[in-house]
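The following exercises concern a predicted model. Each task is followed by a solution in steps.

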Amino acid sequence: MCGIAGKIDFSDKAEPVSIEFLKNMVSTLRHRGPDEFGYYRDNNAGLVHARLSIIDITSGQQPMSNENNTLWIVFNGEIFNYLELRKILQNHNHKFKTKSDTEVILHAYEQWGLDCFTKFNGQWAIAMWDNQNKKLIFSRDHVGILPLFIKEENNTIWFASEIKAIFTDPEVKREIDIFALQQIFTFWTTITPYTTFSGIFEIKPGTTVVYSANGKKQEHIHWKLNFQDPSNTSTTKNKYSFKDAAKELEQKLLDATKLRMLRADVPVGSYLSGGLDSSVVAWMGRQTKSGTFQTFSIRFEDQQFDETRYQKMLVSMLNSNHEEILVKKRDISQVFQEVIYHTEKPILRAAPAPLFILSKLVHDSNFKAVVTGEGADEFLLGYDIFRETKIRQFMSNQPESRIRPLLLQRLYPYLTDSLFKAKGASFEFWKKNFTELNRIDYSHILRWDTTSKIINFLTDSIQMHLQDDLMELVRDILPENFLKLDPVIRAQILEIMILFSGYIISSQGDRMLMSHSVEGRFPFLDIDVINFLNHLPIDYKLIGLDEKIILKHIAKGKIPDEIINRKKQPYRAPDAASFIFDKPEDYVTEMFSEKILKDFAIFNPEKVSILYNKCLNKISNNPDGSQISNFENMSFVGILSTQLLYYMFIKNKPRYNNNINFTTKIDMVKENA
Amino acid sequence: MHKEEITLIVSNYIKKNFLFDEKKEVDNDISLYQSGIIDSMGTIELISFLENTYKIRFDDDELIAENFDSINAISNFLYNKLQNIK
């Protein structure tokens with residue numbers, strides 16, 4: 001995987017960008033691709049590429065062109081089915097000069113035009129520049145595994161894998177978007193195409209955008225999340241019995257894992273969390289190759305987050321070379337500034353930090369790529385929120401029932417020892433709007449409502465300028481048949497389009513992996529696997545309150561029963577407790593100080609001080625942070641990360657330098673043109 | 001102690017401790033649970049606060065949401081309990 005960036009000025013009188021400018025830009029992406037650097041430049045366009053060499057190490061350099069040098073590409077990602085596509089293209093008389101997947105994209109585009117993106121199985125962020133027709137093409141993979149940001153102003157387009165590359169241009173204004181904060185303090189992330197920064201947008205997942213010289217911009221959707229109306233599911237059910245579906249899914253997952261383990265010219269390792277998803281992926285990875293097999297795990301000093309016992313079981317079963325790292329609370333606060341430098345987005349949980357530490361371990365072990373279990377919880381209905389939605393819907397059938405809410409205790413066992421178990425009255429919280437099944441936010445209203453109380457920490461003057469209703473943004477990204485779908489599928493769509501895309505595979509995924517030059521590969525996000533799963537009936541994935549059942553069926557006999565049957569443990573790390581010690585890191589006290597809070601003018605210093613002292617008090621009574629509520633944790637981490645972001649990206653400029661040695665230099669600047 | 005005084009103390013505590021904002025307007029009848037102002041952790045904090053402030057102890061059968069679901073519910077319940085102790 002790699003980093004890409006560039007600047008294109010469509011105007012006739014465009015001045016070519018300087019090499020110095022291109023060096024600065026690419027230097028911000030060095031962590032994404034430290035192996036080689038390349039640029040292309042003509043009078044209108046400058047493209048740069050930072051390479052993490054994984055496929056065709058000797059001749060896969062970029063920027064790369066078609067045979068007559070009119071089409072130039074910079075590409076971050078992998079097209080896993082490139083060998084199959086290459087054969088088809090050769091049959092169409094395309095001649096290849098390299099063995100790379102990058103060249104396959106160029107020829108595929110020449111052969112099929114924009115339809116080529118419907119043929120790719122992979123993960124990509126692509127920019128292509130057609131210097132004859134002055135046409136610029138951006139494309140992003142189905143679910144947005146890889147990032148791609150753009151800025152448009154006058155006749156100029158900037159693009160980059162990470163926003164910091166765009167910020168190297170002094171012409172670009174750096175400003176935090178307060179609507180973005182409102183979104184993040186509601187949904188945990190901005191909603192596509194918005195980002196934390198005003199005027200910077202992301203290319204939407206599953207989308208190709210074409211800019212033409214005449215200023216025309218066209219969006220083409222090459223893939224959409226597609227679920228059938230409930231009335232149609234019977235046909236799929238007839239097509240695949242549960243057992244047949246499981247067999248088919250197993251084959252598809254094996255194929256997907258094989259592509260991701262073997263289509264690389266460097267060895268690929270595997271993450272092991274101790275949960276079902278990564279265990280299945282690691283088991284399948286093990287089947288694809290003989291010889292050594294490398295696994296990596298995070299352990300937590302704090303027992304409530306630790307899964308070592310299960311990791312050990314898998315390691316001995318797979319007989320893998322295993323590397324692990326023990327994460328302590330202090331480690332999290334020590335790396336947290338770097339974490340936010342990479343997420344480029346405020347976060348409400350410290351959970352990405354251990355993954356930052358883990359990718360360093362992978363890098364230090366000389367590995368450049370890993371497979372992980374990402375996506376299984378979203379596409380196989382693993383999360384609590386799906387079961388919660390099912391229970392609330394069941395409660396709504398008989399709103400007066402005092403028995404039905406008791407099911408919530410199965411989901412949240414702490415309710416049974418709550419002080420309020422008497423009379424079932426502790427369920428009031430889950431009854432909010434629970435009979436309003438036609439709300440688009442039906443499944444997520446509790447979560448979004450709770451989170452949005454963080455907005456109250458913003459200064460009054462920011463709060464005065466926020467939007468009344470964020471649901472418009474949500475409505476814009478939903479499929480047309482959304483309200484016709486089962487509430488559980490609707491919950492799934494919201495989860496995939498919002499939290500998964502904007503947080504799980506970015507802030508907690510690509511950004512943490514690439515911070516140490518590690519490429520993530522995700523068999524559950526293989527497009528054949530996704531399309532297959534989305535056409536299976538819900539009850540192949542979630543029956544009663546039992547989740548991911550088809551995957552558990554596949555896993556049976558392959559991985560230990562204890563792992564299959566264990567209660568799902570959400571991946572979490574200590575939050576506020578990672579930052580509050582007798583002597584906290586200097587930056588923590590500074591970011592929470594009245595002086596800095598006033599200076600940055602994002603948060604109300606008095607309210608933040610009440611929160612900080614409350615957390616401080618609770619930690620002094622209980623250092624493990626177990627007394628700090630979910631809301632307090634989210635607020636603490638959200639405020640700290642926003643402050644850091646402002647400090648690193650607005651108050652200061654992201655770091656860059658010109659200490660870059662370009663090995664691929666394509667200069668087509670015409671003097672006196 | 002007057003009931004209004006109890007209401008004010010409870011209301012100020014809830015605003016400061018759960019909303020981090022003493023100037024915030026909160027309807028005395030709003031359901032603290034349904035609105036998410038208090039969660040399971042908050043329940044423990046609230047009850048400890050009341051027990052410490054008023055030097056009282058709640059029995060198990062008093063710990064039902066009806067007694068704690070709004071600022072008015074809390075002050076009514078507390079006022080009656082304090083009256084009975086006298």
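**Exercise 1.** Determine which residue the side chain of Lys614(A) meets in a salt bridge, and place this pair within the interface of chain B and chain A.

*Solution.* Step 1. The partner of Lys614(A) is Glu45(B), with an N to O distance of 2.7 Å. The pair qualifies because the cut-off for a salt bridge is 4 Å between a side-chain nitrogen of Lys or Arg and a carboxyl oxygen of Asp or Glu.

Step 2. Across the interface of chain B and chain A, four salt bridges are found. Polar contacts link seven residue pairs between the two chains, both residues being at pLDDT 80 or more.

Step 3. Two helices of chain B, H1 (3-19) and H2 (40-53), each supply at least two residues of the side that touches chain A. The largest share comes from H2(B), with six residues.

Step 4. Sorted by class, that side of chain B comprises twelve nonpolar, six polar and seven charged residues.

**Exercise 2.** State how many residues are in contact between chain B and chain A, and how much area the two chains bury between them.

*Solution.* Step 1. On the side of chain B, 25 residues are in contact with 26 residues of chain A.

Step 2. The buried area is about 2200 Å², and 63% of it falls on carbon and sulfur atoms.

Step 3. Within chain B, the most area is lost to chain A by Phe20(B), Gln34(B) and Met41(B), which together account for 32% of what that side buries.

**Exercise 3.** Identify the residues with the most contacts inside the largest nonpolar core, and describe the surroundings of Val474(A).

*Solution.* Step 1. The largest nonpolar core has 222 residues, and the most contacts inside it belong to Phe138(A), Phe159(A), Val474(A) and Phe579(A).

Step 2. Beyond its neighbours within four places in sequence, Val474(A) is in contact with Phe187(A), Ile191(A), Ile440(A), Trp448(A), Leu494(A) and Ile498(A).

Step 3. Another core, of 25 residues, lies apart from the largest one and includes Phe18(B), Tyr33(B), Leu46(B) and Ile56(B).

Step 4. Trp448(A) is also one of the buried residues of helix H15 (residues 445-452) of chain A. The cover over the buried residues of H15(A) includes, among other elements, helix H17 (471-477) and helix H18 (487-504) of chain A.

**Exercise 4.** Is Asn76(A) buried or exposed, and which backbone oxygen lies 3.0 Å from a polar atom of its side chain?

*Solution.* Step 1. Asn76(A) belongs to strand E5 (residues 71-79) of chain A.

Step 2. Asn76(A) counts as buried because its relative accessibility is 0%.

Step 3. The backbone oxygen in question is that of Cys2(A).

How values were computed: Residues are numbered from 1 along each chain as its sequence is written. Chains are lettered from A and ligands numbered from 1 in the order in which they are written. This is a predicted model: local features need pLDDT of at least 70, side-chain atom pairs count only at pLDDT 80 or more; totals for chains, interfaces and linings use all residues. Side-chain values use heavy atoms; hydrogens and water are left out. Contact means heavy atoms within 4.5 Å. Buried area is the accessible area (1.4 Å probe) that two parts lose on being put together, summed over both. A polar contact is a pair of N or O atoms within 3.5 Å; within protein, one must be able to donate a hydrogen and the other to accept it, and residues adjacent in sequence count only if both atoms are side-chain atoms. Helices (H or I, at least four residues) and strands (E, at least two) are DSSP runs, numbered from the N terminus. Ala, Val, Leu, Ile, Met, Phe, Trp, Tyr, Cys and Pro count as nonpolar, Asp, Glu, Lys and Arg as charged, and the others, Gly among them, as polar. A nonpolar core is a set of buried Ala, Val, Leu, Ile, Met, Phe, Trp, Tyr and Cys residues joined through side-chain atoms within 4.5 Å. Buried means under 20% relative accessible area, exposed over 50%, partly exposed in between (1.4 Å probe, protein chains only).
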